[in-house]
Amino acid sequence: MSLPGSIEVLEGRTRLQVPHNHSSGGPGKRIGRVFYNSQMAFNRDISVMFLRARPVRSALDAMAGTGARAIRWAVETDVSDITANDRDPNAVEYIRANIDLNNVNARCNSTNEDLRCMLARRAFDMIDIDPFGSPVHYIPAAVQAVKRRGLLAITATDTAPLAGTYPKKSMRRYGAVSMRSPFGHESGLRILIGHVMREAAKEDRGARCLLSFYADHYFRIYLQMEEGGAAADRCLKQMGYVENDPATGYFTYGLEYSNRSAGPLWLGPLHDHELLSDMEATNDLSEVRRCEKYLELWRSELDMPFFYENDELSSFLGISPPRMDLLLEKLNEVGKASKTHFSPTAIKTDLPIEDILSIYQEASASNLRHD
Ligand SMILES: C[S@@+](CC[C@H](N)C(=O)[O-])C[C@H]1O[C@@H](n2cnc3c(N)ncnc32)[C@H](O)[C@@H]1O
């Protein structure tokens with residue numbers, strides 16, 4: 001049955017009825033009766049790749065909107081016990097229509113509840129939280145209801161507070177000071193992860209960060225729970241602060257707090273490389289080229305917190321910026337260096353700043369000789 005004011009789109013291998021007027025970029029707001037943002041197809045692709053690599057028994061799409069994500073899991077992965085929930089009855093009409101359209105009644109059911117009520121009664125192997133704005137209001141319920149060693153997938157679109165535009169709001173929401181800096185998106189992502197880790201610690205649980213990234217206008221994290229107080233303590237030991245000197249672009253991170261620090265934030269790994277090598281960008285995804293590009297970036301991304309922008313180093317040294325490939329090559333002759341998914345013009349490296357600056361000067365001069 002076709003819903004009034006809806007159109008049919010194909011996302012991945014899944015047919016979806018969505019409101020004719022829907023978002024196609026930015027954080028998105030509800031334009032029609034129910035929310036659907038076509039730009040988030042990439043985010044949903046990643047969750048399909050994730051669940052193909054790490055299947056679970058039961059999965060909850062807790063804020064499902066049209067059901068796009070849950071129904072894609074039902075059609076495109078092997079997960080067979082899927083719940084698509086939304087507290088808005090209009091959304092649930094779309095979810096039901098989309099379950100029927102794809103003939104996945106046996107694998108996916110719809111519910112119409114506030115997710116916090118549902119999670120007080122039922123546990124799941126995977127819980128996906130995809131709100132408008134900040135997920136903070138739902139994290140305690142999700143951390144309590146995710147099964148032993150289960151998975152939490154969380155989107156946050158409140159990038160402005162997390163990345164330093166509104167540090168007081170970040171403090172109120174996440175209990176952490178955010179900071180404007182060239183690597184503000186990475187520190188924002190790490191504040192979000194750190195917040196979930198601290199919520200989990202209250203329940204004597206830790207978590208392993210399997211995948212976390214920034215794209216378009218949002219942060220997204222996939223965590224696997226680890227059980228017990230010792231696991232929680234191990235995670236808390238990986239929390240710290242970062243300080244950035246805007247005059248020089250130098251940053252330092254660690255356990256020390258000063259009144260110029262951002263944090264507390266997660267200083268542990270952002271990705272699990274075994275998972276990344278098991279994830280595959282197959283041709284049936286909606287945004288296969290973009291998925292391939294991001295997989296490659298994440299796989300090669302060095303597990304070092306924060307990064308240097310090519311332009312920042314060039315203006316600090318007062319010399320022209322070298323080509324990225326040349327700079328990476330020269331840094332890799334001495335230490336380790338990689339691109340980062342946070343910015344196409346930045347590098348991550350394990351080298352101390354003195355080495356970076358002298359290699360940078362060398363790369364800049366050799367760039368000029370070859371121009
Ligand atoms: C950003 S939309 C979800 C988009 C959807 N996941 C997708 O991929 O298209 C957020 C949804 O959460 C629902 N929502 C908001 N608060 C909720 C709550 N407390 N419990 C359940 N659903 C909620 C809204 O009705 C809305 O449909």
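**Entry 1: a strand pairing.** I began with valine 242 and looked up its bridge partner in β12, which turned out to be alanine 262. I was working in a predicted model, and I kept that in mind for every entry below. Valine 242 belongs to strand β10, which covers residues 239–244 and is joined to β12 by 4 bridges, the two strands running antiparallel.

**Entry 2: the sheet around that pair.** I then asked in what order the strands of this open sheet lie. There are 3 strands, and I read their order as β11-β10-β12, with antiparallel pairing. At the edges I found β11 (251–254) and β12 (261–266), each of which pairs on one side only. From one strand to the next I noted a twist that averages 25 degrees. I also looked for a helix against the sheet and found α8, which packs on it by touching β10 and β12, and whose direction makes about 55 degrees with that of β12.

**Entry 3: the two domains.** For the chain as a whole I took the domain assignment, which gives domain 1 as 6–278 and domain 2 as 307–370. Taken over C-alpha atoms, the centres of domain 1 and domain 2 are separated by 33 Å. I noted that 9 residues from domain 1 and 9 residues from domain 2 take part in the contact. On the side of domain 1 that touches domain 2, the elements that give two or more residues are α8 (184–202) and β8 (205–215), so named in my notes with α8 already met as the helix that packs on the sheet. By class, I counted that side of domain 1 as 5 nonpolar, 3 polar and 1 charged residues.

**Entry 4: two crossing helices.** Next I turned to helix α1 (residues 41–53) and helix α2 (residues 68–76), whose axes come within 10 Å and cross at roughly 40 degrees. I recorded the crossing of α1 and α2 as right-handed. Which residues make this contact? From α1 I listed Arg44, Ser47, Val48 and Leu51, and from α2 I listed Ala68, Arg69, Arg72, Trp73 and Glu76. Sorted by class, the contact of α1 with α2 has 4 nonpolar, 1 polar and 4 charged residues.

**Entry 5: the ligand.** Last, I looked at what surrounds the ligand, where I found 20 residues, of which Met63, Gly65, Arg87, Asp88 and Asp130 come nearest. How do the residues of this shell divide by class? I noted 10 nonpolar, 3 polar and 7 charged residues in the shell around the ligand.

Conventions: Residues are numbered from 1 along each chain as its sequence is written. This is a predicted model: local features need pLDDT of at least 70, side-chain atom pairs count only at pLDDT 80 or more; totals for chains, interfaces and linings use all residues. Domain bounds come from an automatic or database domain assignment. Two residues are in contact if their C-beta atoms, placed from the backbone, lie within 7 Å. Ala, Val, Leu, Ile, Met, Phe, Trp, Tyr, Cys and Pro count as nonpolar, Asp, Glu, Lys and Arg as charged, and the others, Gly among them, as polar. Two strands pair if DSSP finds at least two bridges between them. Axes are lines fitted to C-alpha atoms, for helices over the stretch in contact, and angles run from 0 to 180 degrees between N-to-C directions. A residue is near a molecule or strand if its C-beta atom, placed from the backbone, lies within 6 Å of it. A crossing is left-handed if the near helix is turned anticlockwise from the far one by less than a right angle, and right-handed if clockwise.
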